[in-house]
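Got your viewer open? Let's take a walk through this one, picking out a few side chains at a time.

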Amino acid sequence: MRNLAAIITSGQSLRSLSIRLRIPFSSFTSSLPADLEPPDQEIPTQLISILSYPNWQKHPSLSKLVRSISPSVVHSLFTLNPNIHPQTALDFSYWVSRKPGFRHTVYSYSSLLNILLINKFFGAADKISIFMIKSSDSAEECRFVLDSLRKMKENNNGGDGFKLTVRCYNMLLMSLAKFLMIDEMKRVYMEMLKDMVLPNIYTWNTMVNGYCKLGNVVEAQLYASKIEQAGLQPDSFTYTSLILGHCRNKDVDNACRVFKVMPQKGCPRNEVSYTNLIHGLCEAGRIDEAIDLFSKMEEDHCYATVRTYTVLINGLCEVGRKLEAMDLFKEMLQKGCVPNVHTYTVLISSLCKESKLDDARGMLDKMIEKGLAPSVVTYNALIDGYCKKGLLEEALEVFGTMEMNNCSPNDQTYNELISGYCKKKNVHKAMSLLTKMLELKLSPNLITYNLLICGQCRAGHLDSAFRLLELMGRNDLVPDQWTYCVLIDSLCKSDRVEEARVLFDSLKGQGISANEVIYTSLIDGYCKVGRIEDAHSLFDRMLSEDCSPNSYTYNALIDGLCKQKKLQEAFSMVEKMTSMGVEPRVDTCTILIREILKEGDFDHAYKVLDHMTSGACHPDLFIYTTFIHAYCGVGKLQEAENMMIKMKEEGIVPDSLAYTLLVDAYGRLGLIHRAFDVLKRMFDAGCEPSHYTYFFLIKHLSKKKWTKENNANLVDHANVWSMMDFNTALELFDKMLEHGCTPDVNTYAKLITGLCKVRRFETGMLLFDHMREQRLSPNEDICNSLLNCSCKLGMYDAAVGMVNLMINSGQLPHLESCKLLVCGLYDEGNKEKADAVFVNLLCCGYNSDEVAWKILIDGLLKKGLADKCSELLSIMEKRGCQLHSHTYSMLIEGLDGT
């Protein structure tokens, strides 16, 4: 047994445990900005020695130290040596600021400012204060500056003490406005009045602009009125800010009124005035008015800036007028207005939304060639585009370019990649990115965890999904409706409807109201298991709680009724749906037609289709495929082929199911050559054959042989793979080649996966070796299928070999299989191999929590191998694996319970 005391090994400090548990160590050290971390004092010590010489600039040792002088070193130098002569400090500060690559921070300026104030160098202090304010790069730094200046004022508040000038106050207000720190702006303005520093027009304009950035025009106008009260006149900046304020407040009409009144007030409009209003019109969807205003700029002696063009290009892209946007981009270039990063980002994002990913990538390359550094937003747009299309390799290539160009990814970058991996069911890679985010000090947010929970659910790992739910709470993240919707839906799809209902009933106590998506998931779950009465009861509750059902809700009920052959009730539900103001969708039509076609009533099915399509519904892939399925089922192949032709004429691309239905139909009629012709059509269309496509080809190809042994028509899915041998696969490959279809990695993957599902490991390995002889590299799915199969058969030596092969190829073995392997090796008494496999897995970049959940908790602890679990936990600790405190708690609880 191993308790908490046992986890803290001999000589281990409380601090090290706090790191392992990810507990803040605030009791022992304070949190400082990166620039203020305790520095190495060696360089500041050498520098103070050099600065003691009159001609320190010529000191031979200084040139050797230059590369090591960072802003944090300067901060330390001045903090550790407050008695340094102020002029020397000023001279050194100026000298180092001229060195290539050096840029003072608010912290280095702050330490210099302290020295100047101690020595009453107030004139220099005023200038350094302004430099310090200007160097603020974040709201955090701006707050530091504000707090520092307040303390300095307080400590030097004598008659001839340090006071902030009106210029300094104005710069401070501008900095606060930049980071939208409006409450602080108001406080600083009041402090300015208290210090008897008279505001000027720049002060009031800054206040107006700050409030207008937030759309608070009412407050902005109060400060604008102070300009006139002081005997001054509002200028172009004042009116331009008010235009911005009205636009931010979604009040474009008032923005237009301010714009029109400017010339009457003697204030010429400028490029920013026009750009702000054009932006507001675009945001309001009034794109034609924005274009009209843009065309009048030159009449007003204003010329479009890069921002003006970019705002309008973005507006055109947002409403789908991409060609006009590209024309405007070309006009921009012709007029010598150089596009900036934001311009390119808008176009790249627009191209990605249209799935024109090659064009988007070309534009990225073009901007890099022109010397522009794409921003994280630019890269994210392209990464997101690739991930949504399942093109993970291309997304990772862009990610590599991003890192190579020193552009740091943010949480959105990782969320997009996590989403991409989860859609591919590669949840281990997605979880490894969670680890990477934590290493980079990025904060995984609600979106991150929701994506990972969805990924775990898609992969069938519901236990891991619920563990992620626990981690969310421990990380002070509150699950939302989407979180629970995914979990409830996944429980229903796993036939765990009762657990889904318990989770549903718990929502109210957590302050979460079930929305239409959550209700629909549970209603659909009830319908799928035939509990129609429970579904209708929940539907009634949904209505009583003023949660409006959507088309998906009604479709779930209609589908449930159809499955119980209650077609009339299903049609009644369609009528109820329409009476409630919910228009039937094309999938509603598909559900009804599918049920009618099961009865062989094609005439009725076409009537329903005609009735539905007379409204807003248009036939889609699923409706056409439903008809193809029905025609194939009754041997009407010509009608099925006509449907394929009609589908293509409508611009709808058939999927693998449509082709596979034809493959099976031709095979059942003994027309095996026609079945392979359909396969050729699939290859030519770039449609990847599915597991079922090859299943039917093998079944019909082997019909004569199997008819002698069994009734081929009664051969089920599992039996095809059980009866198939290596020679059958070779015969399939020969037939494919005869029809111009070269077997590829996908072909081998589908065959090997099918064989592995029925534990035909030896035949699967023959195909594995054969594909390598053909110089085809087995993908991760193939290797994981063989790994899982060998583990289930207890062939652990073969499994170890497959794990090593995968790791050496940069592939990730499924942890579910690795759990079986490690436990199996321990059961056989082969501790050395088990430990070696585990250590190798720790080098692959898995998320440490997921490794602990799968192998230690679900594997070793559930098998009662607590000692082995304890040993592997120690290995993880020694290798620096960071486990969440909740995972440690689960391990401790499991170890104590054995």
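Start by selecting Cys168. This is a predicted model, and in it Cys168 is buried, with a relative accessibility of 0%. Now show the cysteine sulfurs around Cys168. Which one is closest? That's the sulfur of Cys142, at 12 Å, which is too far for a bond.

Next, jump to Cys422. Buried or exposed? Cys422 counts as buried, at 4% relative accessibility. Look for the closest cysteine sulfur again: here the partner is Cys454, and the gap is 6.9 Å. A disulfide needs the two sulfurs within 2.5 Å, so this pair is too far apart for a bond as well. How many disulfides does the whole structure hold? Zero.

Time to switch to charged side chains. There are 47 salt bridges to hunt for, so let's just visit a few.

Select Glu499 and Arg496. These two form a salt bridge, and their closest N and O atoms sit 2.8 Å apart. Glu499 is partly exposed, at 40% relative accessibility. Arg496 is partly exposed too, with a relative accessible area of 26%.

Now pick Lys565 and Glu595. They make a salt bridge as well, with 3.2 Å between the closest N and O atoms. Where do the two partners lie? Lys565 is in the loop between helix 32 (551-563) and helix 33 (567-579), while Glu595 belongs to helix 34 (residues 586-598), so this pair ties together parts that are 30 residues apart in sequence. Turn on the surface and check each end: Lys565 counts as exposed, at 54% relative accessibility, whereas Glu595 is buried, at 4%.

Move along to helix 49 (residues 831-842) and select Asp835 and Lys831, which are four residues apart in that helix, so about one helical turn separates them. Asp835 and Lys831 form a salt bridge, their closest N and O atoms being 2.6 Å apart. Asp835 is buried, with a relative accessible area of 14%, but Lys831 is partly exposed, at 36%.

For the last stop, select a whole group together: Arg143, Arg150, Glu184, Arg187 and Glu191. What links them? A network of salt bridges joins these five residues. Show their side chains as sticks and try tracing the links from one residue to another.

How values were computed: Residues numbered from 1 in each chain as written. Predicted model: local features only at pLDDT ≥ 70, side-chain atom pairs only at ≥ 80, totals over all residues. Heavy atoms only, no water. Buried < 20%, exposed > 50% of the residue type's maximum accessible area, 1.4 Å probe, protein only. Salt bridge = Lys/Arg side-chain N within 4 Å of Asp/Glu carboxyl O. Helix = DSSP H or I, 4+ residues; strand = E, 2+ residues; numbered from the N terminus.
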